[in-house]
Amino acid sequence: LTTVDGLSDVTVFVPNNAAFQAIGSGLSNLTSQLPSILEYHIINGTVAYSTSLKNESVPTLQGTNVTITVFNSTNVFVNGARVVLPNIPVAGGVVHVIDEVLNPNNTATPSATQTGGTPAFSGASSVTDQPFTSGQPTATT
């Protein structure tokens, strides 16, 4: 994405390998939407470590908002996706690995008892090959 080249002060929510694998069957139908979907995972102008995330709606680089929900100051969700690996420093910002791919057209919110993310792409099913990889292992806890 040329849109993200040179950005600084960003918070990026990166889906883990299992998240991409879970929607693998639907990716071929999302080709034209993929840049917008990926931009929906970026908050521009803010480096937000997990300790500074709070219950709020935040605009994304794509133009619409994501909803941050924090339960017991340890369970952090972005829309319906759970942060499984927080606070990875990168040049110009911070990355939080999440367990679902965010969908700008599905802004599901979690419940206080939820332990994992809510799939945001209905009708998509899992594939055996990983279409993309985040480079981060899937959390086992």
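Here's a quick tour of this chain, from its overall fold down to a pocket and a couple of odd backbone angles. Keep in mind that this is a predicted model. The chain has 141 residues, 38% of them buried, and it is built from two helices and seven strands.

**The overall picture**

- Going along the sequence, you meet a strand, then two helices, then a run of strands: the pattern is β-α-α-β-β-β-β-β-β.
- Take the contacts between residues at least 6 apart in sequence: 65% of these join residues at least 24 apart.
- About 7200 Å² of the chain is exposed, and carbon and sulfur atoms supply 51% of that area.

**Strand β7 and its neighbours**

- Strand β7 covers residues 93-98, and six of its six residues are buried.
- In a regular strand, side chains alternate between the two faces of the sheet.
- In β7, both faces are covered: one side has Gly93, Val95 and Val97, the other has Val94, His96 and Ile98, and all of these are buried.
- β7 runs parallel to β1, with six bridges joining the two strands; one of the pairings puts Val10 with Gly93 of β7.
- β7 also pairs with β6, this time in the antiparallel sense over five bridges, and here Pro89 stands opposite Val94.
- β6 and β7 make a hairpin with two residues between them, and Gly92 in that turn has a positive phi of about 85 degrees.

**The second largest pocket**

- This pocket holds about 150 Å³ of space.
- Strand β6 (residues 81-90) gives the most to its lining, with four residues.
- The lining residues include Arg82, Val83, Val84 and Pro86, and also Ser50, Thr51, Leu53, Val70, Ser73, Thr74 and Val76.
- Sorted by class, the lining comes out as six nonpolar, four polar and one charged residues.

**Two residues with a positive phi**

- Most residues other than glycine have a negative phi, so a positive one is worth a look.
- Asp9 is one such case, with phi near 55 degrees; it sits in the segment before β1 (10-15).
- Asn79 is another, with a positive phi of about 50 degrees although it isn't a glycine; you'll find Asn79 in the loop between β5 (75-78) and β6.
- Are these two buried or exposed? Asp9 is partly exposed, because its relative accessible area is 42%, whereas Asn79 is buried, because its relative accessible area is 1%.

How values were computed:
Residues numbered from 1 in each chain as written. Predicted model: local features only at pLDDT ≥ 70, side-chain atom pairs only at ≥ 80, totals over all residues. Heavy atoms only, no water. 1 Å grid on protein atoms, 1.4 Å probe; cavity = no way out; pocket = protein on both sides within 12 Å on 5 of 7 lines; lining within 4 Å. Points joined across faces, edges and corners; volume = space filled by probe spheres on them. Nonpolar A, V, L, I, M, F, W, Y, C, P; charged D, E, K, R; others polar. Buried < 20%, exposed > 50% of the residue type's maximum accessible area, 1.4 Å probe, protein only. Contact = heavy atoms within 4.5 Å. Areas by Shrake-Rupley, 256 points an atom, 1.4 Å probe, with all protein chains shown as cover. Pairing = 2+ DSSP bridges.
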